[in-house]
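The following exercises are to be worked with the sequence and the model at hand. Each task is followed by a solution in steps.

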Amino acid sequence: MRKNKDYPLYEIAPKIGSIAEMLKIKDEVMPNDIAFRYRKGREGIEEKTYAQVYKEVKKAASWIDSNYGHNNHIAIIGENSYEWLVAFLATVTTGNVAVPIDKELPADEVEWLVRKADVTKVFISKTYKDLVENITDIQAMTLKELQTASESGNEDFELMTPDDSETVSIFFTSGTSGKSKGVILSHKNIVSEINEASAMFDPEGRSTLVVLPFHHTFGLNVATLMAFNYGVTVFLNKSLKRVKEDIAEAKPDVIMLVPLFIETFYKRIMEGIRKSGQEKKVEKGVKISQALLKVGIDRRRTMFKAILDFFGGNLKYIISGGAPLNSFYVQEFRKFGIEILNGYGTTECSPCVAINRNYFKKDGSVGQVIHGTDVKISDDGEVMFKGTVMMQGYYNDPEKTDEVIRDGWYCTGDIGYIDEDGFLFLTGRKKNLIILSNGENISPEEIENELGTDPGVCEVLVYDKDSKIIAEIFPEEEYRGNQEHFNELMAKVNEGRPVYKQIASVKLRDEEFIKNTSKKIIRYKNIPQ
C-alpha cells in the first residue's frame, strides 16, 4: 500500500490547447474506443466512439455556422443527453457562446435568464419545449431537430479555436441567497480546468457515470469533459429515477457526486444492512479488515463485495464537490474500500480549484489547490483565489463583479485556513455566521455537519433566534414525531461544547426545506424571521 505523502502531478491526460484540439486528439489517438454510452428507449444502450463524436460535432458545427453564424448567445436546455453535449460542443467551436440553463426552472425564470444573458437562439429538449414557447423573439430548435438537420452537415468542417480571453459560456449560479448571476467563462478558463484538475487525479479505470446536470460546471466541465479528455468511457444518466440501473450497467470506476447523493447512498446501504440483520457481521468484518490494513493487507473489496456491488462492483473513487461533505462519510466509505476524495469548487472558478489526491489526502480537508491557481486567506478568514480558472466576471453586472473580485482576487465568501502541507480546510460561509449578542461567532455548518450524521436526520438547518441556537430538522421517515430521539441527539452534540455553542432546542419539521435546483437548502427562505 502506498504511503499518504506528496508526489508529482499526473501526466495521464493530454494537455490540450482548446476544446477543438481535445476532440481532434481523441479522434487521432483512440478513434474506435467508446467515448459515451447512454440509454436509448426503454432497454437499448447506444454507444458513440471518439471518432463518431468528432464527426457529429463537426457536422452540427457546420450547420450552426451556416445557419446562425458567429457571436450568438445560444441557450441549451434539457436533461443530460448525448444530443445536449453535441449541441454544446458545436456551439463553442463555432465562435458562439453557450448558455446552459436548468430545465427544472419555471418558465418565467427561464425567460428571465434568457433575457439576462442576451440569448437569441435556443437548443432545447422536446420534453421541455414549453419553457420557451412564450418567448417569441428567439429562435428555438429541439435537440432532436438539430441532430436531424446536422446529418447533412459537413463532416470536414474545421472547428474554431477562440482566443484565450474570448467568452465560451455563461453559467448561472445556483442562487441560494437571491437571483442567479451569469458567470462568464472564457476559453482559457475551461481548458485550464480540464488540464489542471486532471493532473491532480488518476481515475485508475476506464469507466465513469455522470449523474450531475450539465447546466452546472461540475457536471459538465469536470465530470464529463475532463473524463472525456482522460479517455474513459462516460455513461450518461438521463434520469435520476434510473440511477440504480445505470450504475449496474456502467460499472463505474469513479463517480463525481455532490454530498446529497453520498449521504443518501450511505443511508440506503446502512438501511439494507440493518434490514438483512447483517450489522454484527459487517462490524466484525470492518474490525478484521482494519487489522489487516495495519500489516499491509487489503481485503476490503473481497470482504465487502455485496456493498461494492451496490455501485456496480468496480467503484474505487467518489469525487465529492458542490457543497461541504462531513468527513464521517469519507471514513465510512473507506471501510468498504471506496475512497471519497473531497474537493472544492465554485462556478466562478470553472469550478474545481482544490482536491484531495489519490495518495495524498487529509480527512476534513478539501485538498490542495490545483496548479496555476493561487490561494490566500484574508485577515477575516475568507478564502480567496486568483488564476487561470477564475471567471471574467458576471455578465452585464459590473457591480456584483466588483463585490467579489478585489485586486484581482476572487473572494469566495467561504471561511477557512491552509495547513502546513498546503491543504485547504473550510469552516463555514461568511454570510451564514451566527453572531450572538455576547459577540461570539458561530458557524452553523459546523453544527449541521455533526447533526447530519445521525441516521434520523434527513435535512437540518441551524440558525439563531433571540441569541439562542436552534436546530431545525426534517427527520427520516421512521423517526418522524420522535422528539425524544432528537433531544438525546442534541444532548450528545452539546456535550463538551462551550455554553455559547450549545443547541438550545430542536424543532422538527413535517416537510422538506425549500431548496434550489442543485438541492441546496436556501437559507433565507427557511429561517424564521
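## Exercise 1: Cysteines

Cys352 is buried, with a relative accessibility of 11%. The model is a predicted one.

Task: Determine how many disulfides the structure holds, and examine Cys352 and its closest cysteine sulfur.

Solution.
- Step 1. A disulfide requires two cysteine sulfur atoms within 2.5 Å.
- Step 2. For Cys352, the closest cysteine sulfur belongs to Cys349, at 9.8 Å, which is too far for a bond.
- Step 3. The count for the structure is 0 disulfides.
- Step 4. As to accessibility, Cys458 has a relative accessible area of 29% and is therefore partly exposed, the limits for that class being 20% and 50%.

## Exercise 2: A sheet and its helix

Task: Describe the sheet that contains S24, S25 and S26, and identify which strands stand at its edges.

Solution.
- Step 1. The sheet is open and consists of 3 strands in the order S24-S25-S26, with mixed pairing.
- Step 2. The edges are occupied by S24 (457-465) and S26 (503-508); each has a single partner strand, so one side of each lacks a neighbour in the sheet.
- Step 3. From one strand to the next, the twist averages 25°.
- Step 4. S24 and S25 (residues 468-475) run antiparallel and are joined by 8 bridges. Within this pairing, Leu461 has Glu472 of S25 as its bridge partner.
- Step 5. Helix H16 (residues 483-494) lies across S24, S25 and S26, and runs at about 150° to S26.

## Exercise 3: Two loop residues

Task: Establish whether Asn237 is buried or exposed, and which residues it contacts beyond its neighbours within four places in sequence. Then carry out the assignment of accessibility for Glu158.

Solution.
- Step 1. Asn237 is placed in the loop between strand S10 (233-236) and helix H8 (243-250).
- Step 2. Its relative accessibility is 2%, so Asn237 counts as buried, the cut-off being under 20%.
- Step 3. Beyond neighbours within four places in sequence, Asn237 is in contact with Asn80, Leu209, Val210, Val211, Arg242, Val243 and Asp246.
- Step 4. With Asp246 there is a polar contact between side chains, at 2.8 Å.
- Step 5. Glu158 is found in the loop between helix H5 (143-150) and strand S7 (167-172). Its relative accessible area of 67% makes Glu158 exposed, since the cut-off is over 50%.
- Step 6. The C-alpha atom of Glu158 is 8.3 Å from that of Ser62, although 96 residues separate the two along the chain.

Terms used. Residues numbered from 1 in each chain as written. Predicted model: local features only at pLDDT ≥ 70, side-chain atom pairs only at ≥ 80, totals over all residues. Heavy atoms only, no water. Buried < 20%, exposed > 50% of the residue type's maximum accessible area, 1.4 Å probe, protein only. Pairing = 2+ DSSP bridges. Helix = DSSP H or I, 4+ residues; strand = E, 2+ residues; numbered from the N terminus. Axes fitted to C-alpha atoms, helices over the stretch in contact; angles between N-to-C directions. Contact = heavy atoms within 4.5 Å. Polar contact = N/O pair within 3.5 Å; in protein donor to acceptor, adjacent residues only side chain to side chain.
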